[in-house]
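A fresh page in the notebook, and a new model to look through. I will go from single residues out to the whole chain and back again.

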Amino acid sequence: MNLEKIKEIHIENFDYPLPDEKIALHPLAQRDACKMIVHHPDGKIEHKIFSSLPEYIAPGTLLLCNETKVINARMEFFRQSGARIEVFVLEPVDPSDYVLSFAARNECVWTCMIGNLKKWKEEELTKTIHIPGVEEPVRLTVRLLPLEEGEMPSASRRVKFSWDNPDVTFASVVEAAGNIPIPPYLNRSSEESDLQDYQTVYSRVEGSVAAPTAGLHFTPELFSRLAEKGVEVRKVTLHVGAGTFQPVKSENIGDHPMHTETIHVDLPVIEAIIRAMEEGRNIMAVGTTSVRTIESLPYFGWLAMTHDVSDVNAMHLPQWLAYSEDIAAYDTLTLLRKLRDELKAKGLEALSASTSIMIAPGFRWRIIGGMVTNFHQPQSTLLLLVSSFLDRQKSEEEIAAGEPEWRRLYDEALANGYRFLSYGDACLLK
């Protein structure tokens with residue numbers, strides 16, 4: 001399927017009825033006790049419990065997880081008039097690096113989504129926060145920065161944060177001043193339990209405003225069983241942005257601007273992927289965020305190979321580059337080895353870059369041979385990704401002649417009482 005046909009795909013073909021009662025408002029008490037629907041390559045479907053996952057993963061499989069950590073991104077301020085202003089931190093501007101920005105003292109600038117923006121004029125907004133281990137209360141101030149030249153007005157604006165204790169980092173400020181940003185479709189306020197429930201047990205690198213929810217089902221005991229079976233587990237980082245909740249509003253997916261997310265992949269992980277491919281071992285991903293990270297890597301290799309890249313970590317993967325005929329002739333291992341060699345040549349221990357990759361029906365899957373994921377919203381880019389994976393072996397004619405596999409899978413789940421979306425049940429797609 002060529003790119004123009006892919007761009008003409010109608011998002012209404014990825015709609016399905018999702019009653020409110022099918023949306024899980026809270027997770028189960030035991031993470032790995034949820035249901036898991038297993039989809040086999042031949043189309044066979046099984047109904048299992050998530051704790052049975054190790055039975056379905058072959059020894060030697062490389063399993064890749066996203067270790068991003070959700071931050072307390074949602075902050076509430078009040079004007080003197082009493083108007084409530086919500087500041088939802090999205091991504092760092094100054095410093096632009098996540099690690100440096102969270103380590104900042106006194107001040108930093110972030111792009112934020114502003115709730116009730118029309119009511120926020122020029123004045124600074126302040127609040128007093130109490131940080132564990134710090135005796136004196138900390139005064140936090142936010143100031144809305146003016147639009148830059150050429151910047152269009154929107155709900156997302158640059159906000160300067162400053163606080164009056166130079167010994168306190170921005171990471172501590174966010175932790176004390178904000179609330180965990182549970183998904184908007186839950187239609188409830190965050191609760192104390194969400195602080196733990198909405199993090200994976202292996203979350204480590206702060207930066208996400210949404211959890212990589214497929215990972216919420218994993219427990220330390222489950223990882224121990226996977227290790228005993230000979231499954232190699234590696235971690236990557238993709239900081240999930242608010243764009244993950246954005247439905248596709250255009251009629252055709254070609255008119256939908258895919259959101260950008262920051263990824264970080266250590267050199268040993270890239271080398272582990274190369275080894276697994278060379279040895280013919282299966283590579284699986286936990287969640288669509290891990291999928292986007294890993295499937296982006298060959299294209300960063302192509303950029304390094306074909307462009308004068310002075311700063312590897314400034315690379316950005318545009319939305320449709322993966323569909324370019326210029327790249328089709330390159331095999332995946334060649335591209336991955338180029339990326340590895342480029343990092344080594346520049347003395348870098350990891351790739352830190354950004355991706356806007358769109359994975360839709362017609363996408364060429366290069367690395368991932370299986371995934372664990374949740375059930376996704378109707379008309380979402382994540383559902384496009386799942387559809388692409390399930391129908392990857394079908395010809396264009398077969399896809400046009402029959403019902404897409406994702407619909408059969410979702411109909412089966414709805415008919416069997418599965419719980420949907422972030423706190424819901426799981427799929428294993430083989």
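**Entry 1: Thr289.** I began with Thr289, which sits in helix α7. Helices here are DSSP runs of H or I with at least four residues, strands are runs of E with at least two, and both are numbered from the N terminus. Before going on, I noted that this is a predicted model, in which local features need pLDDT of at least 70, side-chain atom pairs count only at pLDDT 80 or more, and totals for chains, interfaces and linings use all residues. Residues are numbered from 1 along each chain as its sequence is written, and side-chain values use heavy atoms, with hydrogens and water left out.

Is Thr289 buried or exposed? Thr289 is buried, at a relative accessible area of 9%. Buried means under 20% relative accessible area, exposed over 50%, and partly exposed in between, with a 1.4 Å probe and protein chains only. I then looked up what Thr289 touches: setting aside residues up to four places away in sequence, I found Asn66, Pro212, Leu238 and Val240. Contact means heavy atoms within 4.5 Å.

**Entry 2: the whole chain.** I stepped back and found twelve helices and 19 strands in the protein chain. The radius of gyration is 22 Å, close to the 22 Å that the globule rule gives for 430 residues, so the chain is as compact as a globular protein of that length. For the record, this radius is taken over C-alpha atoms, and the globule rule is 2.2 Å times the number of residues to the power 0.38. Along its principal axes the C-alpha trace spans about 60 × 55 × 45 Å.

Of the 430 residues, 54% are buried. Among contacts with a separation of 6 or more, 75% join residues 24 or more positions apart. I also checked charge: there are 44 positive and 61 negative side chains, and the centres of the two sets lie 1 Å apart. Lys and Arg count as positive and Asp and Glu as negative, with His and the chain ends not counted. Each charge is placed at NZ of Lys, CZ of Arg, CG of Asp or CD of Glu.

**Entry 3: the cores.** Which residues have the most contacts inside the largest nonpolar core? They are Ile273, Leu351 and Phe420, in a core of 89 residues. A nonpolar core is a set of buried Ala, Val, Leu, Ile, Met, Phe, Trp, Tyr and Cys residues joined through side-chain atoms within 4.5 Å. I followed Leu351 further; beyond its neighbours within four places in sequence, its contacts include Ile263, Val265, Leu297, Phe300 and Met315. A second, separate core has 35 residues, among them Leu90, Ile129, Ala171 and Val173.

**Entry 4: helix α10.** I wanted to know how covered α10 (residues 381-390) is, and ten of its ten residues turn out to be buried. Leu382, Val386 and Phe389 are among these buried residues. Their cover includes β1 (35-39), α7 (288-306), β18 (370-374), α12 (405-415) and β19 (426-429). That list brings me back to α7, the helix of Thr289.

**Entry 5: Ala272.** Ala272 belongs to helix α6 (residues 267-278). Ala272 is buried, at 0% relative accessible area. Outside its neighbours within four places in sequence, Ala272 contacts Leu62, Glu232, Arg234 and Arg281. Glu232 lies 40 residues from Ala272 in sequence, and their C-alpha atoms are 9.2 Å apart.

**Entry 6: Tyr185 and Leu421.** Tyr185 is in the loop between β11 (178-179) and α4 (194-197), and counts as buried at 16% relative accessibility. Beyond its neighbours within four places, Tyr185 contacts Ile23, Phe245, Gln377, Leu421 and Ser422. Leu25 is 160 residues away from Tyr185 in sequence, with 9.2 Å between their C-alpha atoms.

I looked at Leu421 next, in the loop between α12 and β19. Leu421 has a positive phi of about 70° although it is not a glycine, and at 4% relative accessibility it counts as buried.

**Entry 7: more backbone notes.** Asn116 also caught my eye, with a positive phi of about 70° although it is not a glycine. Where is Asn116 found? Asn116 lies in the loop between β7 (107-115) and β8 (125-129), and counts as partly exposed at 37% relative accessibility. Last, I noted that the peptide bond from Asp94 to Pro95 is cis, with omega near 0°. Pro95 lies in the loop between β6 (84-94) and α2 (98-102).
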